[in-house]
Structure formats: structure tokens, C-alpha cells
Amino acid sequence: MEEDNKEVLETTAESVEKVETSKEEIKTFTRDEVNKIVNAETNKALEKYKEQVEAEKTEAEKLAKMKSDEKLQYQLNKEKTEKDNALAELNAYKLKEEAIKVASEKGLDVSLLNYFNFKTEKAEDINTKIEEISTAFNKAVEKAVNERLKEDTPITKTTSTADRKTISRASY
């Protein structure tokens, strides 16, 4: 508990220093203001710690009420859930890496992949979605380029024969 308080105080001191130095003008704090900030951060950390202890206490009480078979089943389910979450996260990471590779090969901006939820997507669906995004992106780029390259119709002026003769004699 005492170590947690020290860490909170150190973290608070660092954040106060960052606030002071991040602005162009260095703001100075009075002792009362610093004490208020430190107390607020300490209280926040204590609340978080109390919530964590309460959750662990509730978990222990829950386990104490269970029979040995129920405890084993509960722990097995908990471990299985944690394992499934870890595998899902790993698969999402691998899928994202593969999607980045495919998008780069197609010349697609990789930032467009941020709209995918790789934890819920399947590998088969990612390729089709990348293809759809690539097609839509290329169409949008082509449309924008065509709009910028569009020129007004040239205006042709007709001159009379007398004006042409005058222009041709003047050019000699």
C-alpha cells in the first residue's frame, strides 16, 4: 500500500512537471494548488486500489462458497476465457499484419485499415473488403483527378477577311 502511494506521488509529480513545461509560459503553482493536485491524484489511486481489493475479496468469497468441484470448474472456465481472449488478440494481430501487406501490394493507403475490427473479422472477409475499399478508393481518386483536369470549352473567335490580311501583313 505504501509503495502504491509512493508511485502515485511520483507519477503525480511527473505529470505536474509535464503540465508546467508543456506550455510556452511556465505556470507556477502555489503550495496549496500542488497539495490539491497531489491529494486528488492520491485519492483517485486509492479508490482504484480499493476497487481492485474489493474485486479480489468478492472473488475470494465466491470461491470460498463453492465446493471443490465447482471451484475447479470455475477456474477452468476462467482460464479458458483468458486463453480465448489471448488467442483472439494474437489472431487479430496476425490478420492485421497480413491485411497491411495485401493493402500495400495493391497500393492502398494503410490508414484505411483502421476501420476494420480485426478481432471479429475473418481472413476470408478481409480480402474481399480490402478489394472493395481499393476499388472505391481508386474510383474516388479518378473522379477527383478528372474534376481537376476538366477544362472549359475553348471559345473560338472568327475574324473577318480584312482583319486577317492586316494581321498577316503586320507579321512580315
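In this predicted model, Lys106 and Glu131 form a salt bridge, and their closest N and O atoms lie 2.4 Å apart. The pair links distant parts of the chain, since Lys106 sits in the loop between helix 3 and helix 4 while Glu131 belongs to helix 4, 25 residues apart. Lys106 is partly exposed, with a relative accessible area of 39%, and Glu131, at 38% relative accessibility, also counts as partly exposed. In general terms, side chains of opposite charge can pair when their charged atoms come close.

The structure holds 5 salt bridges, and another of them joins Lys78 to Glu59, with 3.7 Å between the closest N and O atoms. This pair, too, links distant parts of the chain, with Lys78 in helix 3 and Glu59 in helix 2, 19 residues apart. Lys78 has a relative accessible area of 36% and is therefore partly exposed, and Glu59 is likewise partly exposed at 23%.

Both of these residues also appear where the two helices meet, for Glu59, Lys62, Leu63 and Ala64 in helix 2 are in contact with Lys71, Tyr74, Gln75 and Lys78 in helix 3. The axes of helix 2, which covers residues 31–65, and helix 3, which covers residues 68–105, come within 9 Å and cross at roughly 140°, so that the two helices are oblique to each other.

A salt bridge can also be followed inside helix 2, where the side chains of Glu41 and Lys44 meet at 3.4 Å, N to O. Because Glu41 and Lys44 are 3 residues apart in helix 2, about one helical turn separates them. Glu41 is partly exposed, with a relative accessible area of 29%, whereas Lys44 counts as exposed at 54%.

Helix 4, which spans residues 123–149, is also the place of Val141, a residue that, together with Phe137, Val145 and Leu149, makes a nonpolar surface patch of about 330 Å². With 39% relative accessibility, Val141 counts as partly exposed.

Turning to the whole chain, the protein has 5 helices and 0 strands, and its elements run α-α-α-α-α from the N terminus on. Buried residues make up 12% of the 172 residues, and the accessible surface of the chain comes to about 15,100 Å², of which 52% belongs to carbon and sulfur atoms. Among contacts between residues at least 6 apart in sequence, 49% join residues at least 24 apart.

Technical notes: Residues numbered from 1 in each chain as written. Predicted model: local features only at pLDDT ≥ 70, side-chain atom pairs only at ≥ 80, totals over all residues. Heavy atoms only, no water. Patch = residues over 30% accessible without salt bridge, like charges linked within 9 Å, V, L, I, M, F, W, Y side chains within 5 Å. Areas by Shrake-Rupley, 256 points an atom, 1.4 Å probe, with all protein chains shown as cover. Salt bridge = Lys/Arg side-chain N within 4 Å of Asp/Glu carboxyl O. Helix = DSSP H or I, 4+ residues; strand = E, 2+ residues; numbered from the N terminus. Buried < 20%, exposed > 50% of the residue type's maximum accessible area, 1.4 Å probe, protein only. Axes fitted to C-alpha atoms, helices over the stretch in contact; angles between N-to-C directions. Parallel < 35°, antiparallel > 145°, perpendicular 65-115°, else oblique. Contact = heavy atoms within 4.5 Å.
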